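Q: Please take one part of this model, the chain that is written first, and go through it closely. I would like to know how it is put together and how it meets its partner.

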Amino acid sequence: MDHQPPKPTRVYYFGTCLVDLFFPDAGMAGIELLQSQGLTVVFPQGQSCCGQPAYNSGYRADALKVARAQLDLFPGGDPIVVPSGSCAGMMKKHWPDLFRGEPDEAKAVQVAGRVWELTQFLVHVLDVRLTDKGEPVRVTWHASCHAQREMGVVDEPKDLLRQLANVELVELKREKECCGFGGTFAVRHPEISAAMVGDKVADIEGTGAARVVSGDCGCLLNIGGALEAGAKAARGQHIAQFLKERIHGR
Amino acid sequence: MDANAPDFAAASRAALADPQLRGNFRRAMDGLMGKRAAQFADAGEWHGVRALAAAVRLRALAKLPELLEKLEENCTRNGITVHWAATTDDANAIALDILHRVDAKLVVKGKSMVTEEMHLNAVLESDGIEVLESDLGEYIVQLDGTMPSHIIMPAIHLNTKQIAHLFKRKLKDAESREDAAYLTDLARRVLRAKFQAADVGMSGVNAAVAETGTLCLIENEGNGRMCTTVPPVHIAFMGLEKVVEKLEDVPPVISLLPRSATGQPITTYVNMISGPRKDGEKDGPREVHLVILDNGRSGIYADPELRDTLRCIRCGACMNHCPVYTKVGGHAYEAPYPGPIGKILVPQIEGLEKRGAMPHACTMCNACVEICPVKIPIVEIMGRLRVEAVKPGGAVKDGGAKASRAERMVWSGWAAMNASPTAYRIATAAMSRLGNAAPSSLPMLKEWTNVRTKPRFAGRTLHDLARAKGIPDA
């Protein structure tokens with residue numbers, strides 16, 4: 001595009017607590033994807049969590065305490081890239097509300113304004129072109145609710161998957177429907193959550209995909225865990241790791 | 001916990017165990033979502049009409065006290081008697097007064113969720129007054145002795161076969177025929193006789209126009225028109241938020257409502273009720289009453305964030321799109337308003353002691369927010385109610401009713417861990433090393449592993465990997 005803004009040379013990476021504990025390889029893959037585009041990626045070691053678990057549970061003061069501990073880790077104006085639509089949504093959309101009236105509100109708003117979900121950043125800022133070196137595979141895409149509805153990420157991940165010559169993307173029948181994770185919802189209402197993920201698993205099975213790719217680790221813990229427990233053929237994978245494997249041919 | 005408090009978890013478990021119910025809802029809601037989407041295929045038109053309807057509702061709420069006074073003034077001028085009810089008891093007493101004065105024995109009703117909120121039918125029946133619901137779906141649930149499972153489609157939880165069985169059991173001369181046309185005709189014959197015999201007709205209100213004193217009522221079956229024109233007395237019930245400023249505010253509301261709800265471009269009937277029969281007129285009721293119910297709404301109105309709850313036009317589209325509602329159905333909520341709007345409205349009306357669990361019956365997926373025709377920030381209000389439920393005092397009835405010292409300590413501990421890089425490093429290192437040894441029988445893990453494998457800690461955190469790979473820290 002003619003009027004593309006200049007690409008940044010340096011970005012911050014906010015890995016998120018779920019990636020940190022359960023999907024660190026996906027987190028690293030995201031960093032490497034950004035590095036492969038010539039960017040310097042900064043991973044502040046002081047980071048922990050965006051505060052969403054407490055925020056959504058009604059404990060706003062605790063959420064504020066945790067969010068505040070992240071604020072000084074991202075000085076300057078470089079973009080902050082997050083391999084999660086849900087955590088990115090918390091930072092971009094909810095931090096301004098969370099910090100309203102606080103002495104560091106302006107800083108929080110400034111940081112929030114620089115937050116990008118990973119695939120959004122790869123497509124809209126870096127305009128990446130991916131070369132597929134992997135074997136032919138059929139996959140489906142699971143859209144996380146917060147990526148779609150808080151970050152507006154709908155087509156970006158699918159556009160990236162469609163760049164891969166040997167990847168056949170079969171969309172879910174009910175792509176927009178929640179998988180039933182919902183943070184503490186999954187344990188507060190385990191039966192409803194189970195029914196929801198059951199419908200999601202059936203939808204995934206219907207595509208015949210070997211993998212369900214997603215950009216959010218909450219969904220992946222839920223869907224991936226249900227696929228495994230049900231001894232289904234498909235497996236869940238984070239999109240960062242999937243893309244990295246494809247461009248490296250393994 | 002109050003032993004009489006509704007138990008959503010238990011009720012939803014029962015609903016999930018009923019494959020017929022789950023199938024009925026899945027099919028019906030998939031169909032409704034598709035029909036709605038077809039109505040709004042033109043995204044530009046959707047955004048335009050939605051912005052207009054939201055603005056109509058916002059403006060009405062901004063001037064609510066003034067508009068209500070104007071509504072009363074203009075209704076009164078039109079010959080409509082206006083009654084104010086602070087509580088549902090007051091509203092029921094007003095209704096009973098009118099019924100006693102005209103010595104009513106039989107009441108026919110059009111669909112009204114406010115009267116569900118009032119439990120009016122039970123009140124009338126215990127007073128010896130026969131009351132008959134005339135909306136087909138509502139008639140079915142009344143025959144079945146249950147309550148509406150959806151605010152627009154009260155009997156959506158039942159399929160034709162189940163309705164045929166019900167009619168066979170309850171109506172004399174009913175044949176056992178699973179044929180929607182036959183069943184509708186059967187109900188119509190019962191209802192037709194009752195319309196003609198009824199002493200009083202009752203209805204809800206979709207929008208009350210302040211500048212003209214007009215009550216707007218939309219419906220598909222003509223039963224609303226029958227209830228409001230045939231009996232000699234008509235009593236309309238509305239929540240105080242249903243007022244709009246001008247006549248021109250009505251079209252966006254009555255267009256978006258059916259398009260969002262059932263995917264119809266417009267309802268079959270649009271009734272604009274502007275008063276009782278005038279001298280020389282051949283039909284229409286002799287008396288028209290409007291009962292305006294508060295029941296906690298003025299408290300909701302007083303809070304600028306919670307006030308958005310009152311924008312609702314009761315289309316029910318949030319239910320059709322809610323992944324929780326579509327799994328468990330409306331009855332599991334045990335509330336007049338189920339689904340997303342119910343989860344924010346009912347706790348504010350009935351209080352957080354009784355209804356504090358409702359705002360948690362939600363994954364915060366925002367599907368409802370995406371399609372709400374008047375842009376109610378349902379999930380933000382849900383989050384606010386979760387705060388109010390554990391915070392004593394505050395703006396909502398029974399604030400702090402769900403406060404628990406144990407939960408409070410868990411979140412304090414969580415915050416301490418996540419607000420200090422050192423504590424976080426120690427805690428995540430410990431979890432990474434030891435977490436996988438946690439038995440699946442632990443609380444929370446037990447619920448999780450019912451249908452899922454245990455989440456596996458990776459052993460090394462992203463912090464570890466980034467450090468090992470020399471990723472700069474600043």
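A: Chain A contains 13 helices and 8 strands (both are DSSP runs numbered from the N terminus, a helix being H or I over at least four residues and a strand E over at least two). Its radius of gyration is 18 Å, close to the 18 Å that the globule rule gives for 250 residues, so chain A is as compact as a globular protein of that length; the radius is taken over C-alpha atoms, and the rule is 2.2 Å times the number of residues to the power 0.38. This is a predicted model, in which local features need pLDDT of at least 70 and side-chain atom pairs count only at pLDDT 80 or more, while totals for chains, interfaces and linings use all residues. Residues are numbered from 1 along each chain as its sequence is written, and chains are lettered from A and ligands numbered from 1 in the order in which they are written.

Along the principal axes, the C-alpha atoms of chain A fill a box of roughly 50 × 50 × 30 Å. Of its 250 residues, 59% count as buried, a term for 20 or more other C-beta atoms within 10 Å of a residue's own, with C-beta atoms placed from the backbone, whereas 12 or fewer means exposed and anything in between partly exposed. Among the contacts in chain A with a separation of 6 or more, 77% are between residues 24 or more positions apart (a contact means C-beta atoms, placed from the backbone, within 7 Å).

Chain A is assigned domain 1 (10-124) and domain 2 (131-248), with bounds that come from an automatic or database domain assignment. The C-alpha centres of these two domains of chain A are 22 Å apart, and their contact takes 28 residues from domain 1 and 24 residues from domain 2. On the domain 1 side, the elements of chain A that give two or more residues are α1 (17-22), α2 (24-35), α3, α5 (85-98) and α7 (118-125). That side divides into 13 nonpolar, 10 polar and 5 charged residues, where Ala, Val, Leu, Ile, Met, Phe, Trp, Tyr, Cys and Pro count as nonpolar, Asp, Glu, Lys and Arg as charged, and the others, Gly among them, as polar.

The unreviewed UniProt entry carries the annotation "domain: Cysteine-rich" over residues 11-92 and 139-223 of chain A; such annotations may be inferred rather than shown by experiment, and their positions are given in the numbering used here with feature names shortened. Residues 11-92 of chain A are 54% helix and 11% strand, with end C-alpha atoms 16 Å apart, while residues 139-223 of chain A are 48% helix and 13% strand, with end C-alpha atoms 14 Å apart.

A:Leu243 lies in helix α13 (residues 239-248) of chain A and is buried, with 29 other C-beta atoms within 10 Å. Leaving aside residues up to four places away in sequence, A:Leu243 touches A:Leu33, A:Leu130 and A:Leu160. The C-alpha atom of A:Leu243 is also separated by 9.6 Å from that of A:Thr131, although the two residues are 112 apart along the chain.

Turning to the partner, the contact takes 56 residues from chain A and 56 residues from chain B. Helix α11 (residues 190-207) gives the most to the side of chain A that touches chain B, with 7 residues, and that side as a whole has 32 nonpolar, 13 polar and 11 charged residues. The 18 residues of α11(A) reach 26 Å from first C-alpha to last, close to the 26 Å expected at 1.5 Å a residue (the expected span being 1.5 Å times one less than the number of residues). Among the buried residues of α11(A) are A:Ile192, A:Met196, A:Asp199, A:Lys200 and A:Ile204, and just after this helix A:Gly208 takes a positive phi of about 70°.

Chain A also helps to cover a helix of chain B: α3 (52-57) of chain A is included, together with α14 (317-321), α16 (339-350), α17 (352-355) and α18 (367-371) of chain B, in what covers the buried residues of α19(B). That helix, residues 378-390 of chain B, reaches 19 Å over its 13 residues, close to the 18 Å expected, and 11 of its 13 residues are buried, including B:Met382, B:Arg384, B:Arg386 and B:Glu388.

Terms used: Contact = placed C-beta atoms within 7 Å.
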